[in-house]
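Work through the exercises below with the sequence and the structure open. Try each task before reading its solution.

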Amino acid sequence: MYRDRPCARCGAVFTPVTSRNKHCSVECRFWGAVEIGPPEACWPWRLSRNVDTGYGQFMAEPGRSPRSTHRMAYEIANGDLPDGLFVLHRCDNRPCCNPAHLFLGTAADNAADMIAKGRRRQAPPLCGEANPIRRRPELALRGERHPGAKLTAAQVEEIRRVGRSISGRLLGERYGVSKHAIWGILKGKAWGPPGNRSSGSKDKTDALAAAAKR
């Protein structure tokens, strides 16, 4: 049994369950981690946030999954959330916990709000047969056709020809690339495997295109 103490937020006297208890209730513990300002301002969550979404996280009960702080703030101020509804931000500030900045919406409302505020995620990259490059490999910008290429196919062939007798550092200085780029070329990790004379050339592209049509 621990001695009674005043709540760190509201000042009410309570009996703590552990020596670490500083607040008389979950609500006081929650608001104690919110930077409360003027009524019209955002009230940011000061503790942990979800690294993927940016929303604050609050451990309401030990052993349970953390809750989103904007949803927690709305429930404390307005009661339980109706089934199937989302809590949206008027301010578009995800750590904000000011109930005046929060409102309820459906999944459609949430999606429309996300698009209107420019937060729609890009579609995931197309994989497998859905990728147009798999169907038309001639469209792929490989080798010297790539806009970021610093070398030509002829230079790559020359690097592979003399690579055993000249250091990667000297070759890199000669061709304006790093020694790591030279290493990747010699090991076949860049510009295709050694022996492929046309890394990124038309011959390779035509072969890929023919294979895709079979």
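**Exercise 1. How many disulfides does a search of the whole structure find, and how far are the sulfurs of cysteines 7 and 10 from the nearest cysteine sulfur?**

Solution.
1. The model is a predicted one, and a search of the whole of it finds zero disulfides.
2. For cysteine 7, the nearest cysteine sulfur is that of cysteine 10, 3.7 Å away. A disulfide needs two cysteine sulfur atoms within 2.5 Å, so cysteine 7 is in no disulfide.
3. For cysteine 10, the nearest cysteine sulfur belongs to cysteine 24 and is 3.5 Å away. Cysteine 10 is likewise in no disulfide.
4. Now the surroundings. Cysteine 7 is buried, with a relative accessible area of 5%, whereas cysteine 10 is partly exposed, at 45%.

**Exercise 2. Find the largest nonpolar core and say which element gives the most to it.**

Solution.
1. The largest nonpolar core holds 15 residues. Those that touch the most other members are Phe30, Trp31, Val34, Trp45, Phe58, Ala73 and Cys97.
2. Two or more residues come from each of H1 and helix H2 (69–78). H2 gives the most, with three residues.
3. Take valine 34 as an example. Leaving aside neighbours within four places in sequence, valine 34 is in contact with Trp43, Pro44, Trp45, Arg46 and Cys97.
4. Another core lies apart from this one. That second core has 11 residues, including Leu151, Val156, Ile159 and Ile182.
5. As a general point, nonpolar side chains in soluble globular proteins tend to be buried together.

**Exercise 3. Describe the lining of the largest pocket.**

Solution.
1. The space in the largest pocket is about 550 Å³.
2. Its lining is made up of 20 residues, and Asn21, His23, Arg29, Phe58 and Met59 lie nearest the centre.
3. The elements that supply two or more lining residues are helix H1 (26–31) and strand E3 (57–58).
4. Sorted by kind, the lining has nine nonpolar, seven polar and four charged residues.

**Exercise 4. Is asparagine 98 buried or exposed, and which residues is it in contact with?**

Solution.
1. Locate asparagine 98 in the loop between strand E5 (86–89) and strand E6 (102–105).
2. Its relative accessible area is 2%. Buried means under 20%, so asparagine 98 is buried.
3. Beyond neighbours within four places in sequence, asparagine 98 is in contact with Pro38, Pro39, Glu40, Ala41 and Trp43.
4. Finally, compare sequence with space: asparagine 98 and glutamate 35 are 63 residues apart in sequence, and 9.5 Å apart from C-alpha to C-alpha.

Key
Residues numbered from 1 in each chain as written. Predicted model: local features only at pLDDT ≥ 70, side-chain atom pairs only at ≥ 80, totals over all residues. Heavy atoms only, no water. 1 Å grid on protein atoms, 1.4 Å probe; cavity = no way out; pocket = protein on both sides within 12 Å on 5 of 7 lines; lining within 4 Å. Points joined across faces, edges and corners; volume = space filled by probe spheres on them. Helix = DSSP H or I, 4+ residues; strand = E, 2+ residues; numbered from the N terminus. Nonpolar A, V, L, I, M, F, W, Y, C, P; charged D, E, K, R; others polar. Buried < 20%, exposed > 50% of the residue type's maximum accessible area, 1.4 Å probe, protein only. Core = buried A, V, L, I, M, F, W, Y, C linked by side-chain atoms within 4.5 Å. Contact = heavy atoms within 4.5 Å.
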